[in-house]
Amino acid sequence: MNPIRKRRLIVISLIVLAVGCAAALTVFALQQNMTYLYSPTEVKAGKAPMNSAFRLGGVVKEGSVHRVAGTLTTDFTITDRFQDMPVQYTGILPDLFREGQSVITTGHMSGGGFTATQVLAKHDETYMPKEVADAIAKAKAAHKVPATAQGGGEQ
Amino acid sequence: MIPELGQLALILALILSGLQCVLPIVGAWRESKPLMATARSLVVGQFVFVAMAFAILTYAFLVQDFSVAYVAQNSNLELPWWYRFSAVWGAHEGSLLLWVLILDVWTLAVAAFGGKLPEKFYARVLGVLGFVAFGFLLFSLTTSNPFARLIPAPMDGVDLNPVLQDPGLIMHPPVLYMGYVGFSVAFAFAIAALLGGELHSSWVRWSRPWTNVAWGFLSAGIVAGSWWAYSELGWGGWWFWDPVENASFMPWLVGAALVHAQAVTDKRGGLRAWTLLLAIFAFSLSLLGTFLVRSGVLTSVHSFAADPKRGVFILGFLAVVVGGSLLLYALRARFVAGGKPFALASRETLILIGNLMLTVAAATVLLGTLYPLVGEAFNLGRISVGAPYFGFLFMLLMTPLVLALPFAPLSRWGKADTGIWKRALTRIVGLAVLAGIVALVLGARGFMPLLGVTASTYVIAGTAFYAIKRWKEAPAGRRYPLEMAGMLFAHVGVGVFIAGAILTRSLSVEQDVALSPGETAHVAAYDFQFKGVGETQGPNWLAQQGTVEVSKDGSPVVTLHPQKRTYPRGQVQTEASIHPGVFRDLYVSLGDPLGNGAWAVRVYDKPFVRWIWAGGLLMMVGGFCAAADKRFRLRREAGQPAPEATPALPALPAEQNA
């Protein structure tokens, strides 16, 4: 092998190595930080991971919000209108958090309920996050209910 | 009647932009001087009509013409007049019009200052810009007409989203768009160069100041957005790796790479094909950003507009622009000759490392931003990619860049000179370690705070080392040309930003507490005494206003008044109260009432948070400063070959023409 070819070979193998490392690191980081969104129906069906974090999306059930007196802990129920999931969150809720509004919470299962570390409500109160709308539609499909509009929320 | 005039003005602007695209480019192709000469007047005409449309929409907001649907949706009788101005770009239709207006401002500036460019090149540049304007005007008129009527007119409008009723938002979109859209100029220069086959590196020198200014504006826009999120979203974060933020950050990263690649091409003739590609990418990412923000395909804290039809249009336009320019690139770029060879330890290599890291970082951000979309398209489930993904990879990728940063200015073009590296390295690292020790003595503990101090000192000391060397070696009056001063400002900005980002992240103390009137929360070294909540009123809101007295070691520091505002339609908006400082911000915002006068209160101590924005603003100053260098002024008459300005660094042989 002549010197030029040899040098090219070295350069190319270094580049391949660097790209490989970068790709491996990226995939690793992506896998570590990917969270899936589930609806209460899917959680009840056992599709959500029991031991790691995931996102739970749905509508805050009317009449379900109550505070634990003197603390920042709030209990509420997230529903996709077919299944309910009790949620506990300690902290300050976003401005747009309200009963009947759609939210996305991040957290994990503990006992029979969901412990949220983050609660997101959207800026625009008429807007239902696409994921939540999809999740509700999916839950509907699973129950073979004829698809009717879920109130003014869907985009 | 008046809104119809606005509509008419938009239609006329559309026609003129179409002509502005076709006539000059055909003229350049056919070598027809009269056709090429139309470019200038078409640019002016198009600008006049778009400005007229914009003025008419603003007027409709000022006089509260609720028969215009867009006005009715984004304003109401109680909205203070200053927010009626910013309401013009508070939602989709108006912000699109602002996009086109800013594109026209840039085009007008190119038309005005580029008169000395070669005639054909000038015509092609304006033609390409005309094409972009045509695309966006067509988009505006077909899918998002700001002048659509609402008949019968309602008595009162809906409201401007309360989140947007903030002084920060008045400036944020226009400045951000100045940056976004400004990359269209570098893009147009690149496409014009490819179209004409005039692939010598002169086009790069002409486009450099435009890129620098656009990048400066984009920096300022991102800073404004970050500051707005910090003060307005009520939870004190300054960056969320949210899709909409990423949309502005990706062009910024590629733009930073482009600024440096253009410098190499300008001074050394090297990296030409790469520079062309970056110019195409920077603008494509701006368009992609517009698509992501405006199509509603991604869920984000910003999701303001969602309309699938719009998404399809922008996606189509994106495909035409990106596909077309990459095709052109593929056909023509092989004619681009490489520049002069360079040694491994030269400035080119270091700039290349920086470029590589910036583009790879942009690619990882792109991957993380689009992954949820891909996942959904292929039915892999509804995925979200968390902030740690971005943070981890970004830190990792920026490490080599930060390490190389002080040495790039110290190195020589083309040749290896490791002697200066050795001398600089001991001093820079010595100073960085010293700063770390000082921080340790002052009480900093833990890996991250020390990393922040040393990394920041490393960058700033390295930049200062170069500035001192230059002071000693260069003759008075020629020491710091503006281009170089810009580099110094921006690099110091990087150092200041690193300190702010890492120290804020590692030293912030954030507590959510339940407080009854009279109770005190201890956060960091401060005592926050809650005095209770009263009522107050603004121009279009009622608020519950808390009073929190902050003291340190018993002596009062400040009294803060966080608010919970209620707007006419019942929307609630948290207004944090912030005590700003060079070394720390004290941040208080109200959560919910807990009964018996008690409230949930968010109490933050945010050290060095302002350094983040100060760093960004220094980078902006750097971009503007470098662009003002007189090297970039066009001196030769049209038609002559590119002017070779005096090299900023001594003893460079004149560049061989490709």
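In this predicted model, the loop of chain B that sits between α1 (2–30) and α2 (33–62) is home to E31(B). This residue has a positive phi of about 55 degrees, even though E31(B) is not a glycine. That's worth a second look, given that most residues other than glycine have a negative phi. E31(B) counts as exposed because just 10 other C-beta atoms lie within 10 Å, and the cut-off for exposed is 12 or fewer.

W241(B) tells a related story. Its phi is near 55 degrees, again a positive value in a residue other than glycine. W241(B) also belongs to a loop, this one between α8 (202–232) and α9 (243–268) of chain B. Here, 19 other C-beta atoms fall within 10 Å, so W241(B) is partly exposed; a buried residue would need 20 or more.

Another loop of chain B, running between α6 (119–143) and α7 (167–196), holds P152(B). The oddity there is in the peptide bond from I151(B) to P152(B), which is cis, with omega near -5 degrees. For comparison, most peptide bonds are trans.

Zooming out, chain B contains 18 helices and eleven strands. The C-alpha trace of chain B spans about 80 × 70 × 55 Å along its principal axes. For 658 residues, a compact globule would have a radius of gyration near 26 Å, and chain B has 26 Å, so the two agree. Buried residues account for 53% of the 658 residues in chain B. Contacts give another view of the fold: of those in chain B with a separation of 6 or more, 74% link residues 24 or more positions apart.

Among the helices, α17 (residues 482–507) of chain B makes a handy ruler check. With 26 residues at 1.5 Å a residue, α17(B) should span 38 Å, and its end C-alpha atoms are 36 Å apart, which agrees. As for its surroundings, α17(B) is mostly covered, with 22 of its 26 residues buried.

The strands offer a neat pairing to follow by eye. In chain B, β5 (residues 542–552) and β6 (residues 555–560) run antiparallel and are joined by five bridges. To pick out one of these, start at V550(B), whose bridge partner in β6(B) is V558(B). β5(B) and β6(B) form a hairpin with two residues between the strands, and in this hairpin D553(B) takes a positive phi near 50 degrees.

Key: Residues are numbered from 1 along each chain as its sequence is written. Chains are lettered from A and ligands numbered from 1 in the order in which they are written. This is a predicted model: local features need pLDDT of at least 70, side-chain atom pairs count only at pLDDT 80 or more; totals for chains, interfaces and linings use all residues. Helices (H or I, at least four residues) and strands (E, at least two) are DSSP runs, numbered from the N terminus. The radius of gyration is taken over C-alpha atoms; the globule rule is 2.2 Å times the number of residues to the power 0.38. Two residues are in contact if their C-beta atoms, placed from the backbone, lie within 7 Å. The expected span of a helix is 1.5 Å times one less than its number of residues. Two strands pair if DSSP finds at least two bridges between them.
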